[in-house]
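Let's take a walk through a protein together. Have a look at the model first, and then we'll pick out a strand and a pocket to explore.

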Amino acid sequence: MTTTLATSELGRRGFLMGTALGATAVLASLACSVQAAVPARRMPVVFIGHGTPMNAIADNAFTRRLSAWGRELPRPTAILSVSAHWLSRGATGVGVQANPKTIHDFGGFPQALFDVEYPAPGHPALARETAGVVKQSAVIATDQWGLDHGTWSVLKHLYPKADVPVFQLSIDYDKPAAFHYAVGRDLAALRDRGVLVMGSGNVVHNLRATDRGTPDGPSASRPWAQSFDDAVKSALAGRDDRALVDYEKLAGAGTAVATPDHYYPFLYALGAAGSGERAKTVYEGFQSGTLSMRCLQFG
């Protein structure tokens, strides 16, 4: 089957095109399953609020915390990233490149940002195993994407040497929140293979309602952004996963999650975390007034 990719004008996010039938054929051809080998310890799950692409080259409280966090985390065999910037339609894709390209999926930024390369290797074997792990739907193996800025802008600080293999899983944008949480539950099996499951988005993200020029700070510049971020924090404290999946009922959701692309990666991380694992807040605060930079670790 030939898989094609197109880029949307809104946010220049990648869309993987394919049919469920074709995906099933590709999945069958892979004949992959997770092997029994188990590393010395189970890897944690992380969610990162990535904010503006400029964080890739910025020196601020957020990026300094990412750098310290990278030194605290156990070294993974590979990183599986679910980024807000790889959206697909009708199927879930997984990148199987040996050497994924650095995608500069943005515009209007300084040349220094376009000059950034993150030459981490891929992990084709684990990527193909991922296709067998996900039970919610068939997964298409593809080499037509790479590492978008939702992935490399944060990994540049977490693992600056780009020496940990990385591969991405797309978000099927046709599916509801519960589906993405369930895929996250499937991905939990990879943690015992040494894979660090990483969601990268923002729990509060509405680019039409940011306050650009507002200094980074602990509080939001608008009540709806603060209310939703607080509601997420409260639900996490009690591991009320149902409330977080039904996020549209939380205070401020209509404006805070105007579109769910940046919220869905959080659900993958939440799903991959065991129900008994409490969320550790690694960083919290806001950029551009209303972008929640909340970062979490489970396990």
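Start with strand 3, where both faces are covered: Val45, Phe47 and Gly49 are buried on one side, and Val46 and Ile48 are buried on the other. Keep in mind as you look that this is a predicted model. Why do the residues split up that way? In a regular strand the side chains alternate between the two faces of the sheet. "Buried" here means that a residue has under 20% relative accessible area. In strand 3, which covers residues 45-49, 5 of the 5 residues pass that test, so the strand is largely enclosed by the rest of the structure.

So what does strand 3 pair with? One partner is strand 10 (residues 195-201), which runs parallel to strand 3 and is joined to it by 5 bridges. To find one of these contacts, look for Ile48: its bridge partner in strand 10 is Ser200. Another partner is strand 14 (residues 295-298), but this pair runs antiparallel, with 3 bridges. Here you can spot Val45 standing opposite Phe298 of strand 14.

Now hop over to the second largest pocket, which has a volume of about 180 Å³. Which helices help to line this pocket? Helix 2 (61-72) and helix 5 (149-158) each supply at least two residues, and helix 2 gives the largest share, with 3 residues. If you'd like to trace the lining yourself, look for residues including Ser67, Arg71, His157, Tyr159 and Asp163. The lining is a mix in character: 4 of its residues are nonpolar, 3 are polar and 4 are charged.

Definitions and conventions:
Residues numbered from 1 in each chain as written. Predicted model: local features only at pLDDT ≥ 70, side-chain atom pairs only at ≥ 80, totals over all residues. Heavy atoms only, no water. 1 Å grid on protein atoms, 1.4 Å probe; cavity = no way out; pocket = protein on both sides within 12 Å on 5 of 7 lines; lining within 4 Å. Points joined across faces, edges and corners; volume = space filled by probe spheres on them. Helix = DSSP H or I, 4+ residues; strand = E, 2+ residues; numbered from the N terminus. Nonpolar A, V, L, I, M, F, W, Y, C, P; charged D, E, K, R; others polar. Buried < 20%, exposed > 50% of the residue type's maximum accessible area, 1.4 Å probe, protein only. Pairing = 2+ DSSP bridges.
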